[in-house]
Amino acid sequence: MHIRRRDDLFELWAPAKLNLHLEVLGRRSDGFHELETLMCPINLCDTLYVQSHSSGRIWLDCQFADRRLPNGSPEARLADEGADNLVCRALELVRHEAGVKLGATVRLVKRIPVAAGLAGGSSDAAAALVAAAAAWKIDFTPQDLLRLAAQLGSDIAFFLQTGWAVCRGRGEIVQPVAGLGNLAVVVVTPPQGLATADVFAALRRHDEQRGRTDHEHRSIDGLLDAVQTGHLGRIGQALHNRLQTVAGRLSPWIARLADEFARAGVVGHLMSGSGTSYFGICRGARHARGIARRMVARGLGRAFVVRSRQ
Ligand code: C5P
């Protein structure tokens with residue numbers, strides 16, 4: 001996470017992530033699922049501006065870089081959330097934890113699509129934890145921040161570090177791995193999003209219908225090895241997301257995107273997280289721009305030409 005300070009104003013860049021591997025290892029007694037996932041940050045970012053003040057209140061102004069978003073979209077709902085927004089909850093948690101009486105003015109500029117499998121909300125929340133600690137001059141240890149992150153959501157801990165990581169547990173146990181910067185990727189976000197909880201619930205129903213809760217687990221090792229050697233073709237072949245089949249039952253966009261990316265001749269393609277964003281790894285920036293134009297022309301949604309960050 002990138003942080004910059006101008007006087008008492010803190011500016012943070014909160015990146016989106018992609019999952020190159022996501023396996024569900026089982027169901028836990030707390031209702032969550034045990035995961036193993038390889039995540040990489042990309043250069044599609046929200047920006048968070050935080051300024052401390054003495055009023056004791058937290059004000060959030062949420063703006064969207066893309067002004068063409070339709071009413072009723074997940075983005076429009078997010079703008080109405082106010083204090084329920086994960087950013088406000090992160091600030092309140094820090095305030096409570098540290099016994100701070102100060103308030104803050106927060107401006108969030110959203111570029112990462114909402115409810116889209118890119119963890120924009122989680123990244124914003126991680127940025128909010130770091131910004132609040134800085135603005136209110138609280139000396140949290142990295143362990144303190146990880147504990148607070150886990151209270152707010154499964155993906156947040158990933159964004160407290162930089163770079164690629166294998167995440168396990170609910171997603172909150174983060175093991176950094178050497179990644180690849182500058183992978184040229186096209187991310188397409190279709191008009192319909194999915195709630196993470198709905199996709200996991202669909203997976204449970206799917207397993208129950210089959211009369212078994214276990215499935216064969218795809219190993220992450222082949223992909224990690226391909227990433228370590230930087231072999232694009234092998235990376236493309238090893239991509240895996242256990243949630244893709246069930247998300248495809250909830251949203252027809254997944255199959256359409258899979259089909260279009262396969263036809264476009266990308267190195268590899270996959271749904272990210274619990275969807276519905278879908279990405280393709282390309283041979284380079286030109287290849288990526290061409291594919292993005294094609295996806296938009298076919299009405300598949302918003303397309304972003306991005307790069308992985310190391
Ligand atoms: O923790 P987070 O808010 O991201 O999770 C959203 C929902 O996704 C949870 O309430 C849960 O239903 C589901 N989930 C899960 N197992 C995980 C992560 C999320 O079942 N490891």
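Helices (H or I, at least four residues) and strands (E, at least two) are DSSP runs, numbered from the N terminus. With that in hand, you can place Lys137 in the loop between H3 and helix H4 (142-152). This is a predicted model, where local features need pLDDT of at least 70, side-chain atom pairs count only at pLDDT 80 or more, and totals for chains, interfaces and linings use all residues. Residues are numbered from 1 along each chain as its sequence is written, and side-chain values use heavy atoms, with hydrogens and water left out.

**Unusual backbone spots**

- Most residues other than glycine have a negative phi, and most peptide bonds are trans.
- Lys137 goes the other way, with a positive phi near 55°.
- Lys137 is also exposed, with a relative accessible area of 70%; here exposed means over 50%, buried under 20%, and partly exposed in between (1.4 Å probe, protein chains only).
- Asp7 is another non-glycine residue with a positive phi, again near 55°.
- You'll find Asp7 in the loop between strand E1 (2-6) and E2, and its 69% relative accessibility makes it count as exposed.
- Gly275 and Thr276 are joined by a cis peptide bond, with omega at about 5°.
- Thr276 sits in the loop between strand E10 (268-271) and strand E11 (278-281).

**Salt bridges**

- Side chains of opposite charge can pair when their charged atoms come close.
- The structure holds 15 salt bridges, each being a side-chain nitrogen of Lys or Arg within 4 Å of a carboxyl oxygen of Asp or Glu.
- One of them pairs Lys110 with Asp46 at 2.5 Å, N to O.
- Lys110 is in strand E5 (residues 103-110) and Asp46 in strand E3 (residues 33-53), so this pair ties together parts that are 64 residues apart in sequence.
- Both Lys110 and Asp46 are buried.
- Asp30 and Arg28 also meet through their side chains, at 2.7 Å, N to O.
- Asp30 is partly exposed at 42% relative accessible area, and Arg28 is partly exposed at 24%.
- Arg263 and Asp259 form another salt bridge, at 2.7 Å, N to O.
- Those two both belong to helix H9 (residues 253-263) and are four residues apart, about one turn of the helix.
- Arg263 counts as exposed at 55% relative accessibility, while Asp259 is partly exposed at 37%.
- Arg4, Arg6 and Glu11 are joined into one network by salt bridges that share partners.

**Helix H6 and its two sides**

- In helix H6 (residues 221-229), the buried residues include Leu223, Leu224, Ala226 and Val227.
- Looking down the axis of H6, its buried residues fall within an arc of 160°, so they line one face of the helix; the arc is that of the directions from the helix axis to the C-beta atoms.
- On the other side of H6, Asp221, Gln228 and Thr229 are exposed.
- The buried residues of H6 pack against strand E2 (9-27), E3, strand E6 (165-169) and helix H7 (232-238), with contact meaning heavy atoms within 4.5 Å.
- Just after H6 comes Gly230, with a positive phi of about 70°.

**Two buried helix residues**

- Ala125 is part of helix H3 (residues 120-135) and counts as buried, at 0% relative accessibility.
- Setting aside neighbours within four places in sequence, Ala125 is in contact with Leu86, Val87, Ala90 and Ile156.
- His206 belongs to helix H5 and is buried, with a relative accessible area of 18%.
- With neighbours within four places in sequence set aside, His206 is in contact with Val246 and Arg249.

**The largest pocket**

- The largest pocket has a volume of about 1,200 Å³.
- A pocket is an open set of points where a 1.4 Å probe fits, on a 1 Å grid over the protein atoms alone, with protein on both sides within 12 Å along at least five of seven lines; lining residues have an atom within 4 Å of a point.
- Grid points are joined across faces, edges and corners, and a volume is the space filled by probe spheres set on the points.
- The lining takes in 46 residues, and Leu86, Ala119, Ser122, Asp155 and Thr196 lie nearest the centre of the pocket.
- The elements giving two or more residues to this lining are E2, E3, helix H1 (74-81), helix H2 (86-98), E5, H3 and helix H5 (196-209).
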